[in-house]
Amino acid sequence: MTPEELEQRVQGALATDPAAVASQVRAITLDALTRGHLDADALKRVTAAVVRGAREGAVPLGERGGQALKEAMRGLDEALAGAAEAAQLAIQEATGRTSEFSRQGLKQAADELATLQTLFIETLQDAARDTRGTVQATFTELAEHARSSGSAVGQRTRIALEQLTQAVTAGAREQAKKGAEVVRHEAALLAGLAAGLLQGIAARLESKETGKDV
């Protein structure tokens, strides 16, 4: 899915039933994140495209655009929280596979996970600078709220990092410093593993929404 296609899908979601905007945007975001490797580049690219699509979808709605935008960003926040959980599970699984993963590679993955909340806030701030009126005010409000009161992705990330600190230290054996190419290979393996785990998380969230068992 190209960024343009993702933007269009999100933009279309804001034009539908207001009560379904959050769940639709969450599903669209999770779909995009599970199509490849769940790495930092994919998270940045998808988050930026979802925010652009939400902005474009909110502008024509006038005063209603603010609430639609809040719902869309709630869906994005929930999807990023799911991504944080998938990354945590991937790192935890990798700590037991010491022949494939070094402590250095796992720590790098945990460091990337720690930046998810910041990515969410900064993308909202960037969007606020690129627009005006109700939409700009809403983006600014959402960024301030996420910074001061937290977000779903921030809460999920804190839990993940607390649980991972000991696992990364104890689970991966101490090894000689790995070359950049080896660490990149480990990162790609972890990103692929996380994307697969995110599919299961997405299915679980969908089942909660519909009331069906997976």
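This is a walk through three helix pairings and the largest pocket of the structure above. The model is a predicted one, so please read every contact and angle below in that light.

Let's begin with helix H2, which spans residues 21-33. H2 packs against H4, with the two axes 7 Å apart and an angle of about 40° between them. That angle makes H2 oblique to H4, and their crossing is right-handed. If you would like to find the contact on screen, look on the H2 side for Val21, Ala22, Val25, Arg26, Thr29, Leu30 and Leu33. Their partners in H4 are Ala68, Glu71, Ala72, Arg74, Gly75, Leu76, Glu78, Ala79 and Ala83. By class, the residues of this H2 and H4 contact come to ten nonpolar, two polar and four charged.

Now stay with H4, and turn to its meeting with H6. The axes of H4 and H6 come within 11 Å and cross at roughly 160°. Angles over 145 degrees count as roughly antiparallel, and H4 and H6 are therefore roughly antiparallel to each other. Here, too, the crossing is described as right-handed. From H4, the contact draws on Met73, Leu76, Asp77, Leu80 and Ala84, while H6 supplies Leu116, Phe120 and Leu124. Seven of these residues are nonpolar and one is charged, with no polar residue in the contact. Leu76 is worth a second look: this residue of H4 meets H2 and also takes part in the contact with H6.

From H6 (residues 116-129), the next stop is H7 (residues 133-149). Their axes come within 8 Å and cross at roughly 160°, so H6 and H7 are roughly antiparallel to each other. The crossing of this pair is left-handed. On the H6 side you will find Gln117, Phe120, Ile121, Leu124, Gln125, Ala127 and Ala128. Facing them in H7 are Gln136, Phe139, Thr140, Leu142, Ala143, Ala146 and Arg147. Nine residues of the H6 and H7 contact are nonpolar, four are polar and one is charged. Phe120 and Leu124 of H6 appear here as well as in the contact with H4.

Finally, let's visit the largest pocket, which holds about 540 Å³ of space. It is lined by 28 residues, and those closest to its centre are Leu38, Asp39, Ala40, Ala109 and Glu112. The elements that give two or more residues to the lining are H3 (40-58), H4 (64-95), H5 (103-113), H6 and H9 (180-210). H4 and H6, already familiar from their shared contact, are thus met again around this pocket. Which helix gives the largest share of the lining? That is H9, with eight residues. As for chemical class, the pocket lining has 17 nonpolar, four polar and seven charged residues.

Notes:
Residues are numbered from 1 along each chain as its sequence is written. This is a predicted model: local features need pLDDT of at least 70, side-chain atom pairs count only at pLDDT 80 or more; totals for chains, interfaces and linings use all residues. Side-chain values use heavy atoms; hydrogens and water are left out. Axes are lines fitted to C-alpha atoms, for helices over the stretch in contact, and angles run from 0 to 180 degrees between N-to-C directions. Helices (H or I, at least four residues) and strands (E, at least two) are DSSP runs, numbered from the N terminus. Angles under 35 degrees count as roughly parallel, over 145 as roughly antiparallel, 65 to 115 as roughly perpendicular and the rest as oblique. A crossing is left-handed if the near helix is turned anticlockwise from the far one by less than a right angle, and right-handed if clockwise. Contact means heavy atoms within 4.5 Å. Ala, Val, Leu, Ile, Met, Phe, Trp, Tyr, Cys and Pro count as nonpolar, Asp, Glu, Lys and Arg as charged, and the others, Gly among them, as polar. On a 1 Å grid over the protein atoms alone, a cavity is a set of points where a 1.4 Å probe fits but cannot get out, and a pocket is an open set with protein on both sides within 12 Å along at least five of seven lines; lining residues have an atom within 4 Å of a point. Grid points are joined across faces, edges and corners, and a volume is the space filled by probe spheres set on the points.
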